[in-house]
Structures are given as C-alpha cells and as structure tokens.
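Me: I have a few "how do you know" questions about a structure. Could you go through them with me?

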Amino acid sequence: MTPASEAVTGGHYRAPPRPGTLPGMPVIEVTDLRCTYGAHVAVDGVDFTVERGEVFALLGANGAGKTTTLETLEGHRAPQGGRVRVFGHEPRTARRAVRRRTGVMLQDGGFAGELTVRETANLWARLGTRDGDVESDLAQLDLSHRADVAVEQLSGGEQRRLEVALAIHGRPELLIFDEPTTGLDPESRRRTWQVIGELVAAGTTILLTTHYLEEAEALADRVAILRDGRIAIAGTLGQVSAQLPARIAFRAPAVPLPPDLEALRVEGRVGEVVLETPRLQPDLARLLAWADAHDLTLDRLHARGGSLEDVFMTVVA
Ligand SMILES: Nc1ncnc2c1ncn2[C@@H]1O[C@H](COP(=O)(O)OP(=O)(O)OP(=O)(O)O)[C@@H](O)[C@H]1O
C-alpha cells in the first residue's frame, strides 16, 4: 500500500504506480497547464496524470478550473501554457485519433430539442467513429421507455442520463465526464455509478469532475482538489483523507487521560473529550484499555478517520 505521506499538497502531481494499473504510457498527461480568459487566470500550473484503467476525479468549488481543464483535454481549448496529452497526442491537432478512443460528456449536451431520444442517439452514433448498439446504450441508462420522446420533453435528470448514454457509445477506452450526475435523483445517480463501475471493470479509464464528494468516494481511485486554478492536494482517497487527523470523542468524568496517547486534546462541547490523532488505531486501543483498567464507561464514544469531506472543506475554505 502506498503510504499516506505520498499525497501531494500545493504542487505538481505525478501518479505513483498503482497496483492493478496497466503499465505503459499514461492515458492523460497534464503538464504545467495554464489557461486564461483575458486577464483572468483560470488554470494556473496544473500537473497530473491519469493511468490506464483508473478513475481520477477533479474536485473543487465553483470556478476552480475543472471544466477549463477538461476542455483542453477534449481539444476544445488551446492552453496558454504547458501541455496536455491524451493517448500521447495533442488533443486539438490530433482530434480524430483522440476522439475515436474517447467518450466525452459535456456539462450541457446542447441537443436539438425536437429530435427524439432514439434519433439523437442514432445521430450521435453516426457522427462518431465507434461502432456500438444505441438501443443497449439507452437500456443501460434506463431510457428505453423514453426512446420515442422528444429530447425537449425529458426531465433534467433524463437529459443527463442521455448525455451519459451518448458518451459511452461504442465503449471508448477513455471517458471524460463533466459532472455526470448533477441534477440526478439518488436512484438515477446510483444507476449511473453502476454503469460507470461496469465500464471500469471492463478496463475503461475515466476522468470526471463532480461536486458530490460521495461520488468521488464511490468511484475514484485518485482525486485532485483544485483551488483557484491550482492543485491544492492530490492522491488516493486514503492519502488525501489522511491529511487530517482522526478524531475520537466521548463523554467521561474529568479524569486525567492516559499519558501514552499520541492524540492531542482539542476543544469539544461541554463535558465532551475530543482527541485528534495521527494514529487512530493504537490510540483508540490504549484509550479502551485505560478505560477498562479504571472501570470507566466512555459514554457516546465515537471514532473516525479523516474524511475527504473534511479535507475538501479545509482546502476550499
Ligand atoms: N468563457 C469564459 N470567459 C471568462 N471566464 C471564464 C469562462 N469560462 C470560465 N471562466 C472563469 O474561469 C474560472 C474557471 O472556470 P471553470 O468553469 O473551469 O471552473 P469549474 O471548476 O469547472 O467550475 P464549476 O464547478 O462551477 O463548473 C472561473 O473563474 C470562471 O468564471
């Protein structure tokens, strides 16, 4: 297992070798990427790789630079500095070679509203270069019963699912998803996660952005949290979550704590003992042994490791 200390904060991020990842050239390489809109710097020296067969999630508050980064990888935007490579190609100049192997889902699909779902999917399939079965794409996203409905009559969530169905047509090697489940109800979100999980199991590489941290936790092997156009922290979920100490809390009478804890006591509610520790398991074990020895009941005891949400809130605050 890769040690937690290998998470990267505030700098460039190159992927460590990951068990289960196929060897060879990364599918995506982003090197010192810089994108501007006039005088505004939207992406400011971003650097990461996505290895074959992994799911990489770009996280960050609104305006952090996620979509701009994806747009350069999709070949829609020329960077003002640095470089991006997809399958070793520059995606703007080698658009055809990249698009043949890449399924892209944009934040706004821009469909012609009067076409039906099936017509839209067939049109998209004809425009692309990958062979696939449109009906099974629609079935996978639970849209078969809506196939003859005009796209403009779909709900927001159904349109989102249609965008996913189009992106996965022909099962591309790489999928780039910009907020794939925004606006979906919990059931549709789970269905979409299941589809993504099946694609990953079949070896698809996925780069996605999301505002749902539980989505990143459910799907991603590695995450990068962007802040103001820079990677603030990146690593596996375990590495990133371990950037903040674990917490142990309980209620107990005012007694001295065991002396051998690595934990530090921090402010809690009245009557509550709250400890922060870099080493949850040994400290918890010592605490429980100490409580047993002193015949103490640690009322409302709970312990939890650092979470992605805690780190995210710290980064974006
Ligand atoms: N076409 C544009 N013209 C000017 N500024 C833009 C344009 N597109 C994006 N920006 C700005 O660039 C920054 C990064 O935007 P971007 O859309 O990449 O962020 P994001 O992380 O994808 O945000 P969100 O989570 O809201 O989708 C923001 O400050 C945004 O206002």
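Me: Which residues of α5 meet which residues in α6?

Reply: Happy to help; keep in mind that this is a predicted model. From α5 there are Gly 157, Arg 161 and Val 164, and in α6 they meet Ser 188, Thr 192 and Val 195.

Me: What makes α5 roughly parallel to α6?

Reply: The axes of α5 (residues 156-167) and α6 (residues 186-201) cross at roughly 5° and come within 11 Å. Angles under 35 degrees count as roughly parallel, so α5 is roughly parallel to α6.

Me: How many residues of each class does the contact of α5 with α6 have?

Reply: Two are nonpolar, three polar and one charged. Arg counts as charged and Val as nonpolar, while Gly is among the polar ones.

Me: Which residues are around the ligand?

Reply: They are Tyr 37, His 40, Ala 42, Gly 60, Asn 62, Gly 63, Ala 64, Gly 65, Lys 66, Thr 67 and Thr 68. Each has its C-beta atom, placed from the backbone, within 6 Å of the ligand. Two elements give two or more residues to this shell, β3 (40-50) and α1 (66-73), and α1 gives the most, with three.

Me: Why does the shell around the ligand have seven polar residues and one charged?

Reply: Lys counts as charged, and Gly is counted as polar, as are His, Asn and Thr, because they are in neither of the other lists. The shell also has three nonpolar residues.

Me: And how many helices and strands does the chain have?

Reply: The chain has 10 helices and 14 strands, and 40% of its 317 residues count as buried.

How values were computed: Residues are numbered from 1 along each chain as its sequence is written. This is a predicted model: local features need pLDDT of at least 70, side-chain atom pairs count only at pLDDT 80 or more; totals for chains, interfaces and linings use all residues. Axes are lines fitted to C-alpha atoms, for helices over the stretch in contact, and angles run from 0 to 180 degrees between N-to-C directions. Helices (H or I, at least four residues) and strands (E, at least two) are DSSP runs, numbered from the N terminus. Angles under 35 degrees count as roughly parallel, over 145 as roughly antiparallel, 65 to 115 as roughly perpendicular and the rest as oblique. Two residues are in contact if their C-beta atoms, placed from the backbone, lie within 7 Å. A residue is buried if 20 or more other C-beta atoms lie within 10 Å of its own, exposed if 12 or fewer, and partly exposed in between; C-beta atoms are placed from the backbone.
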